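Subject: Handing over the structure

Hello,

Here is the structure I promised to pass on to you. Please have a look at it before reading my notes underneath.

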Amino acid sequence: MNPAADHPLRYALVNELHARPFPHIAVPSHAVYLAIKEPRDAANRSRAADHAHLSALLVRHGAPLPPEGVTHHAGQIGRHALKWESHTEFVTYLAYAAGSSARPFDPAEAEVFPLQWVLDAPGKRVAAVSIRIDWLPENHAEIEPLLDAWFVPESLACAWVLDGAAVVAGDFRIDPAGQMRFALFVRRGTGPGRVGRVVQRLCEIETYRAVSMLGLGRARELTARLNALDPELSALVERMSHEIDAPEATLHELLRVSSELESLAVSHSFRFGATGAYEAIVAERIGVLRESRFESRQKFSEFMLRRYEPAMRTVRSAEARLRTMLERAARAGELLRTRVDVERSAQNQKVLESMDRRADLQLRLQHTVEGLSVVAISYYGVSLAGYLLAPFAEAFGLGKSALTAGMVPLVVLAVWLMVRRIRRGMR
């Protein structure tokens, strides 16, 4: 086939499907996971700073550096395998190695990510997970005492996953070392690829749960501001139903409220949109685990329904309330502008009526002036004609008075006809 026939992005898009494979994790082992996010405007962060931070970790272990501009990288740092990924708002680090410490969830395992290196990150830690991976004992009841010792029973979620291939447990609490703990008990015969998929899903569930709940804080801030704006908007709408002296002033106040609501919508739209997307990912990741109940423990989906879903409903409620208030303000603005336009139309009508009266008075005055003009023009016309015809009148024996008296009707009639003709021509 001729390569020129291919779309220029064909190979890049196909390679993207295989760019981030699941890790292959043996049993027993442990995994440490870290997600770092800029507190503000994370979507527009410096990707070069993320690359430099990854390179600093690799340099510590003498590992080869990835090319600039990559969005994922896999390599070896000491005895740990490293998987790095860059996402829209955050970057993730997953380090895993064979074997597990005698002390469950030993904080020393997290030292694969040195503290000073974490403090130098271009962002803040939004998720930190420690996963202990062991074989599932033949007697499943033997893990019950371990669960009670490692986790808080009140919030513990534990379930069979992947059709009974493993038991996953976690309490979604942060331990004194700053890690969130998960335990994975794998049935013998389960391959490392399947174990890696479960580990990856657990890390994704925690990460997307954490970043989605960032919208809860924004929703609470928004709700407090909407609680202050709602009475103002209601009062403005109430004033519109009564006679008001200055509707323009009410319109200006309404525009102020509307502009603040629009500003809130702009500043919160990305966070709320991201929260909805992350919530869907959390639900999808839990769904692909294909949970079933382990003993009498609550499943992860039940935990999320009871603890996580109310937070998401709060975010959706705040978003819906903001949208409703924007619509209310827009409708009120349209009604008030309509009222202002009607009143202005009435004022314009009165102005036009006043102009009509003034035009009628001007017309009457014009007619009066035209009559006076006929007299004045006639006077000068008779005088000029008298000077012109006086020599001829003496020849016929007519006196000046008789000549003037005879010309007055003729001149007046001629001037009147001339003025009338001019007025008709102008009309």
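Below are my notes on its pockets, its salt bridges and a patch on its surface. Please keep in mind that this is a predicted model.

**The pockets**

Let me begin with the largest pocket, which holds about 420 Å³ of space. It is lined by 17 residues, and those closest to its centre are Lys37, Pro39, Arg40, Arg218 and Arg271. If you want to find the pocket by its surrounding elements, look for strand S5 (124-135), helix H6 (214-240) and helix H7 (247-288), which each give two or more residues to the lining. What kinds of residue make up this lining? There are 10 charged residues, six nonpolar ones and one polar one.

The second largest pocket has about 210 Å³ of space. Its lining has 14 residues, with Ala110, Phe113, Arg125, Ala177 and Gln179 closest to the centre. Strand S1 (29-37), helix H3 (115-119) and S5 supply at least two lining residues each. Of the elements, S1 gives the most, with three residues. Here the lining divides into 11 nonpolar residues, two charged and one polar.

If you colour the two linings by residue type, you can set these counts side by side: 10 charged and six nonpolar for the largest pocket, and two charged and 11 nonpolar for the second largest.

**The salt bridges**

Side chains of opposite charge can pair when their charged atoms come close. The structure holds 23 salt bridges, and I picked out three for you to look at.

One of them joins the side chains of aspartate 50 and arginine 45, at 2.6 Å from N to O. Both aspartate 50 and arginine 45 are buried.

Another brings us back to arginine 271, one of the residues closest to the centre of the largest pocket. Arginine 271 forms a salt bridge with glutamate 89, and their closest N and O atoms are 2.8 Å apart. Arginine 271 sits in helix H7, while glutamate 89 sits in the loop between strand S3 (80-86) and strand S4 (90-98), so this pair ties together parts of the chain that are 182 residues apart in sequence. Are the two partners buried or exposed? Arginine 271 counts as buried because its relative accessibility is 8%, under the 20% cut-off. Glutamate 89, at 2%, counts as buried too.

The third salt bridge is between the side chains of glutamate 154 and arginine 306, at 3.8 Å from N to O. This pair also links distant parts of the chain: glutamate 154 is in the loop between helix H4 (143-150) and strand S6 (157-161), and arginine 306 is in helix H8, 152 residues apart. Glutamate 154 is partly exposed, with 45% relative accessibility, and arginine 306 is partly exposed as well, at 49%. The pair belongs to a network in which salt bridges with shared partners join Glu154, Arg173, Arg306 and Arg307.

**The surface patch**

Finally, please look at Val351, Leu352 and Met355, which form a nonpolar patch on the surface. Together they have about 270 Å² of accessible area. Methionine 355 is placed in helix H8, which runs over residues 300-395. This methionine is partly exposed, since its relative accessible area of 47% falls between the cut-offs of 20% and 50%.

Happy exploring, and do write back with any questions.

Best wishes

Notes. Residues are numbered from 1 along each chain as its sequence is written. This is a predicted model: local features need pLDDT of at least 70, side-chain atom pairs count only at pLDDT 80 or more; totals for chains, interfaces and linings use all residues. Side-chain values use heavy atoms; hydrogens and water are left out. Patches are made of residues with over 30% relative accessible area and no salt bridge: like charges are joined within 9 Å, nonpolar side chains (Val, Leu, Ile, Met, Phe, Trp, Tyr) within 5 Å. Accessible areas come from the Shrake-Rupley method with a 1.4 Å probe; for residues, only the protein chains shown count as cover. A salt bridge is a side-chain nitrogen of Lys or Arg within 4 Å of a carboxyl oxygen of Asp or Glu. Helices (H or I, at least four residues) and strands (E, at least two) are DSSP runs, numbered from the N terminus. Buried means under 20% relative accessible area, exposed over 50%, partly exposed in between (1.4 Å probe, protein chains only). On a 1 Å grid over the protein atoms alone, a cavity is a set of points where a 1.4 Å probe fits but cannot get out, and a pocket is an open set with protein on both sides within 12 Å along at least five of seven lines; lining residues have an atom within 4 Å of a point. Grid points are joined across faces, edges and corners, and a volume is the space filled by probe spheres set on the points. Ala, Val, Leu, Ile, Met, Phe, Trp, Tyr, Cys and Pro count as nonpolar, Asp, Glu, Lys and Arg as charged, and the others, Gly among them, as polar.
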